[in-house]
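Good morning, and thank you for coming. Please look at the structure on the screen while I speak about its charged contacts and its metal site.

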Amino acid sequence: MTTTLVDASDQAESALLNLHKKFMSGNRPPEALVPLNEAAIQRFELLKFPHRKHEMYTFVNTKELVSTVFNLPGETVVSKDFIKSHVYPECESSYLVVVDGILNEDLSDNSAIQSSINLVPLKDAVDQPEIKEYLADTIEKENDVFSAINTAFISQGTLIDVAAKKQVEAPLQILHVSTGSASGNVTSHPRILVRLGELAEFKMIVKYVGVQGNYFVNSVMDILVGEQAGVTFSQVQEDATDAWHYSKTRVQQGRNSRVKAVNAFFGNKITRHHFEAHLKDVGAELLLNSVSILNDAEQVHHFVRIHHEAPHTNSTQNFKNIVNDKSRSSVDGTVIVNQGAQQIFSDQLINNLMLSDNAHADNKPNLMIFADDVKCTHGATVGQLDENQLFYLKTRGLSEKVAKELLTKSFAESIVQTIDFPGVVDYLENTLLKKLEA
Amino acid sequence: MLEVKDLRAGFEGSEIIKGISLSIKAGEVHAIMGPNGSGKSTLAKVLAGHPSYEVTGGEVIYNGENLLEIEPEQRALKGIFMGFQYPVEIPGVNNAEFLRMAYNARQINEGKEELDPLDFDDILTEKMKMLSMEKKYRERNLNDGFSGGEKKKNEILQMAILQPKLAVLDETDSGLDIDALRVVSDGVNKIKSADNALILITHYQRLLEYIQPDYVHVLSQGIIVKSGEKDLALELEAQGYDWLTPTN
Ligand SMILES: Nc1ncnc2c1ncn2[C@@H]1O[C@H](COP(=O)(O)OP(=O)(O)O)[C@@H](O)[C@H]1O
Ligand SMILES: [Mg+2]
């Protein structure tokens, strides 16, 4: 029994190593990135694909993904109309299109913010010691095998640099397009690095879409937030249903920095989002909200690690998942308070709404506290609609169907409303929330 | 309009309402008073059709129909309104939008045209003004983070918009300061007419100084132990409820 399992995962690992050889010899990565690619594939060989009981994949079954044979995507033309339909109104002249992990300048238009941000290809960015060391350091510490794979397959990657004191008015949209494949499966590895200098302010919308299915998008985004800088962003995962989405967001926060992230997930075969934050200096503040609405067999899994590494830091998280039919969601979230990090405030709330007996919602909220003067709360609920709320609406003449729909929507709406981009809020109300209408 | 005959109802096997009879005609105001825990809210919720309460006996006839067989939303559409003692908070539902949905549900039921947000706005503005409610309450989420008094005002706002035939107001006065009580009472008095009826549930007679009841009933341990005209409320105020206990 066990030997066949080992064999299967051995096979998958050698298939990935072969794909990597193909990637390297096809000479796709620029010279300057090769050391990163090589170091990361070594990290992969050490970490290996997760076995069934891997603690980072408690709720995620990676078996099908790992045993699928992937190719690297070929050149596919993406139409301007397709792009236009996915650009939010507030980003009309401030969007970057990344097709299968490669920035496409023809499809992009960032004229509105060209002068306020610096776009640096990663191959040039690694000339900066800070960036080079950061990337080397994260490869060494990487514990998520899929993020290691991302780095092993970086062929381009972009640093978005916001200079000190720069306040970028318009939000930047990054549109990740997976072209997918009509037959067979392809995989791509988008990589974005965002760096905010001291006192900089930046807003960003990241959206994932697919032209067709049969793909695995494996994305990593690092956000380095300088002293007293602030970043507000939203990620919208709306990939093809017949696709896998793995992504990791890694945030490093300096003194008195602020991060606000509100993410929305449509789900697909398996979406797994890994959110890792390091509140490294006094006064750093993080807000992370997330909503998923899942039908059919869609899945969304969250893996969250918030590290309070300095005193007087605070983090607030609010997850809401609605699961219908045979869908699955999970939130595996741990808040870690380091030794000596006193005066911490942390709050984590996970609420799941089950609309079907066959749906699944798993939670694993956890606190690891190595300091004594902290105020940390966490909680998780799994439930159906509230009977008293339902009754209240009915006494106002709303039918059972309308009342249920309203309550279900309101459950998600309370997260959607915390998004700072009206175009995104509008969009989600007309798409994500519409998934609740039978 | 409403005939309650020997109504018995309870919760998970325990009987809370132990045989209540009431007869209410259009144009009348009935006050139901009684100590905490006497079953006043239970009576209100049974009339509104709360699914947690089980009716174990008696009947309720509303305009010739057996009310107990009608779904809560149908009761509402037929003109029954309940003002909750503890209005429920519903985050994520916009108050103005909710009020319009409730208004339109009534309109559709009566074969009338639905109002779009702009037309409904006129009605909403007028009713909110009547209740001295600040504009911000339309943008807020339904009762979400409202103070006790704000919630009660929002209940009466709903009543003003829905223009019920029979309103059951459960402790609407609690949580209101004296100014708000006056405003809310004035509002209720304006809605009141010869065509509709009102059941006021309260355990203070304070509210009854502003809204004059035609009849006062005292509820204790699930039964009406005394009925009278409005002077009874004053007697209760002076003597408390202790002298009134069920005889069996
Ligand atoms: N949902 C419920 N679950 C359990 N007990 C209840 C419930 N509702 C009412 N009761 C009980 O029924 C009695 C009457 O309550 P209620 O109708 O709320 O009284 P009042 O409104 O007069 O204060 C009380 O003893 C109360 O504890
Ligand atoms: Mg009560």
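**Salt bridges and a metal site**

Let me begin with Arg195(A), which counts as buried because its relative accessibility is 11%, and buried means under 20%. Please keep in mind that this is a predicted model.

Which side chain does Arg195(A) meet in a salt bridge? The partner is Glu130(A), at 2.5 Å from N to O. Glu130(A) is partly exposed, with a relative accessible area of 47%. Arg195(A) belongs to strand 8 of chain A and Glu130(A) to helix 6 of that chain, so this contact links distant parts, 65 residues apart.

Over all chains, the structure holds 36 salt bridges. In chain B, Arg138(B) and Asp121(B) form one of them, at 2.4 Å. Because Arg138(B) lies in helix 5 and Asp121(B) in helix 4, the pair ties together parts that are 17 residues apart in sequence. Arg138(B) is buried at 8%, whereas Asp121(B) is partly exposed at 30%. Some salt bridges share partners: one network joins Glu142(A), Arg191(A), Asp222(A), Lys248(A), Arg250(A) and Glu276(A).

I turn now to the metal. Which protein donors does the magnesium ion, ligand 2, have? They are Ser41(B), through OG, and Gln85(B), through OE1, lying 2.0 to 2.1 Å from the ion. Ser41(B) sits in helix 1 of chain B and Gln85(B) in the loop between strand 6 and helix 3, so the pair ties together parts 44 residues apart in sequence. Ser41(B) counts as buried at 18% relative accessibility, and Gln85(B) counts as buried at 15%.

Note on methods
Residues numbered from 1 in each chain as written. Chains lettered and ligands numbered in written order. Predicted model: local features only at pLDDT ≥ 70, side-chain atom pairs only at ≥ 80, totals over all residues. Heavy atoms only, no water. Donors = N, O, S within 2.8 Å, 3.2 Å for Na, K, Ca; no water. Helix = DSSP H or I, 4+ residues; strand = E, 2+ residues; numbered from the N terminus. Buried < 20%, exposed > 50% of the residue type's maximum accessible area, 1.4 Å probe, protein only. Salt bridge = Lys/Arg side-chain N within 4 Å of Asp/Glu carboxyl O.
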